Amino acid sequence: MAQSSAARPRIVIVGGGYVGMYTALRLQKKLRRDEAEVIVIDSRSYMTYQPFLPEAAAGNIEPRHIVVPLRRVLDSCKVVTGEVTGIEHARKVVHVNPQDGEPYEVAYDHVIVALGSVPRILPIPGLAERGIGFKRVEEAIYLRNHIIDQLDLAESSSDPELRRRALTFCFVGGGYAGIEAFAELQDMAKFATRYYETIKPEDLRWVLVEAADRILPEVGPEMGVWTLESLRKRGMEMKLKTFLNSCVDGHVVLSDGTEFDTNTVVWTAGVKANPVLGSSDLPLDERGRLKCTTKLQVEGVEAAWGAGDCAGVPDLTGTGPGGFCSPSAQHAVRQAPVLADNVVAAIRGFGPKDYKHKYAGSVAGLGLRRGVANVYGVKLKGWPAWMMHRIYHMSRVPTFRRKIEVQADWASALFFRREVVSLGSLQRPRHEFQEFAPLPKVQEQPEVAISGPGRGQGQ
């Protein structure tokens with residue numbers, strides 16, 4: 001695979017998330033037959049629609065319905081499942097580490113870098129050992145199972161310290177992802193308490209820690225304050241201008257002096273560009289992102305392109321933070337078609353066009369029939385905002401099949417109550433099998449006759 005085809009150019013897309021998948025879909029549509037070869041490389045064989053992670057974690061949506069298999073939708077592309085470990089643009093090769101076997105190189109004529117972002121994890125004592133992320137569908141499923149497991153644990157125990165620890169849930173990060181996960185899961189857990197004899201909603205303690213002086217900056221100051229007060233009215237502790245100092249063995253220590261024990265520490269305090277970019281010879285900015293132009297080309301480099309969370313793209317509307325497009329799905333899904341069109345234009349000898357999109361605002365779900373929105377200056381809260389949240393994201397879910405499946409999940413919720421069941425054993429499927437498997441018998445060694453004094457052969 002190292003050699004690029006001489007007959008037609010090869011386009012390698014590094015990353016199969018928002019930008020990667022949508023760019024590949026657009027290339028499939030725009031490229032003529034045999035005009036170019038398109039290869040998508042990602043460590044996962046599916047794309048996750050991340051805005052629906054909180055609803056999947058809360059049980060409102062089947063987790064399989066928020067992921068899209070790359071091989072099924074990209075039928076004209078070659079999908080490679082492997083970890084990209086570096087990009088060497090001087091030689092025009094991508095270094096790939098497969099799931100099994102020796103690392104290899106994939107040559108290209110054009111490279112599209114869509115590596116996205118990873119959690120920005122700080123060196124806080126205990127965080128690496130106790131923290132739970134919330135960026136992947138696997139983490140959303142695990143967190144749902146974990147929270148219900150904690151309710152089961154508390155129900156089965158009369159130890160007040162154990163119960164208090166199990167029923168305390170700490171989230172760090174008051175941005176879009178953190179607040180949605182915090183609110184949705186609290187709503188789910190509160191509903192679940194009706195099935196437990198010894199647990200009441202007021203027994204649950206939900207603590208959110210945010211270093212800034214406000215939450216949800218995406219919806220603006222006014223709606224952020226309304227969200228803060230709304231969550232506090234639900235009995236949730238909102239600690240602003242506060243830092244997590246330590247969580248060793250689940251003992252949380254905050255900068256305001258608060259200390260408590262918990263089995264649940266969820267980290268949603270920001271993201272950073274994928275560190276794989278540091279293993280490339282492409283130009284990066286001070287935040288580790290690709291330096292890109294408004295045409296989504298890597299600055300000063302031919303045949304290299306970038307978009308999404310891993311790229312610093314200047315915002316021509318002047319509304320983005322620091323003069324750059326914000327790292328959001330809203331920009332990613334709009335950058336992808338422009339990027340694909342520019343790559344096709346470059347292959348055909350034409351000039352690329354600029355990417356320009358004014359940030360529309362944000363919508364956030366805060367539990368069933370609760371939400372907040374600020375879209376083009378229109379501010380909504382409560383049920384109307386929740387409806388806007390669902391309608392907007394329904395329009396953005398990729399593939400017609402997934403749209404129907406998500407709507408079916410929502411429709412069933414009108415007639416049936418939430419499913420409150422933990423499938424935590426999915427994380428350890430062979431545990432019971434190994435527990436009851438018989439141990440292999442120890443082979444007894446045969447006795448060996450030892451000749452002693454006065455004993456000869458035949459005696």
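Two strands count as paired where DSSP finds at least two bridges between them. With that criterion in hand, the tour moves through a predicted model, from the whole chain to its sheets, a helix pair and two single residues.

**The whole chain**

Display the full C-alpha trace of the protein chain, which spans about 100 × 75 × 45 Å along its principal axes. Colouring by secondary structure brings up 12 helices and 24 strands. Of the 459 residues, 49% are buried. A surface representation corresponds to an accessible area of about 23000 Å², with 53% of it belonging to carbon and sulfur atoms. If contacts are drawn between residues at least 6 apart in sequence, 67% of them join residues at least 24 apart.

**The three-stranded sheet**

Select β22, β23 and β24 next. These strands form an open sheet in the order β22-β23-β24, and the pairing is antiparallel. β22 (361–365) and β24 (378–381) are the edge strands; each has a single partner strand, so one side of each lacks a neighbour in the sheet. From one strand to the next, the twist averages 5 degrees. Now narrow the view to β22 and β23 (residues 371–375), which are joined in the antiparallel sense by five bridges. Within this pair, Gly365 lies opposite Gly371 of β23.

**The seven-stranded sheet**

Turn to the open sheet whose seven strands follow the order β7-β6-β5-β2-β1-β8-β20, with mixed pairing. Its edges are β7 (104–107) and β20 (304–306), each of which has a single partner strand, so that one side of each is left without a neighbour in the sheet. Neighbouring strands here are turned against each other by 40 degrees on average, direction ignored. At the β20 edge, select β8 (residues 110–113) as well: β8 and β20 run parallel and are joined by three bridges. Label Val113, whose bridge partner in β20 is Gly306. Helix α1 packs on this sheet, where it touches β1 (10–14), β2 (37–42) and β8, and its direction makes about 155 degrees with that of β1.

**Helices α1 and α9**

Keep α1 (residues 18–30) and add α9 (residues 329–347): their axes come within 8 Å and cross at roughly 35 degrees. The crossing is right-handed. To see the contact, show side chains on α1 for Tyr18, Val19, Tyr22, Thr23, Arg26, Leu27 and Lys30, and on α9 for Ala329, Ala332, Val333, Ala336, Pro337, Leu339, Ala340, Asp341 and Val344. By class, 12 of these residues are nonpolar, one is polar and three are charged.

**Val313**

Select Val313, in the loop between β21 (311–312) and α9. Is Val313 buried or exposed? Its relative accessible area is 1%, under the 20% limit, and Val313 therefore counts as buried. Beyond its neighbours within four places in sequence, Val313 contacts Cys292, Thr293, Leu296, Gly306, Gly323, Phe324, Cys325 and Gln335. Gly306 in that list is also the β20 partner of Val113. A distance drawn from Val313 to Glu62, 251 residues away along the chain, gives a C-alpha separation of 34 Å.

**Trp206**

The last stop is Trp206, in strand β12 (residues 205–209). With a relative accessible area of 2%, Trp206 is buried. Which residues surround this side chain outside its neighbours within four places in sequence? Trp206 is in contact with Ile147, Phe169, Phe171, Phe182, Leu185, Gln186, Ala189, Met236 and Glu237. Finally, join the C-alpha atoms of Trp206 and Met238: these residues are 32 apart along the chain, and the atoms are separated by 8.6 Å.

Technical notes:
Residues numbered from 1 in each chain as written. Predicted model: local features only at pLDDT ≥ 70, side-chain atom pairs only at ≥ 80, totals over all residues. Heavy atoms only, no water. Axes fitted to C-alpha atoms, helices over the stretch in contact; angles between N-to-C directions. Helix = DSSP H or I, 4+ residues; strand = E, 2+ residues; numbered from the N terminus. Left-handed = near helix turned anticlockwise from the far one by under 90°. Contact = heavy atoms within 4.5 Å. Nonpolar A, V, L, I, M, F, W, Y, C, P; charged D, E, K, R; others polar. Buried < 20%, exposed > 50% of the residue type's maximum accessible area, 1.4 Å probe, protein only. Areas by Shrake-Rupley, 256 points an atom, 1.4 Å probe, with all protein chains shown as cover.
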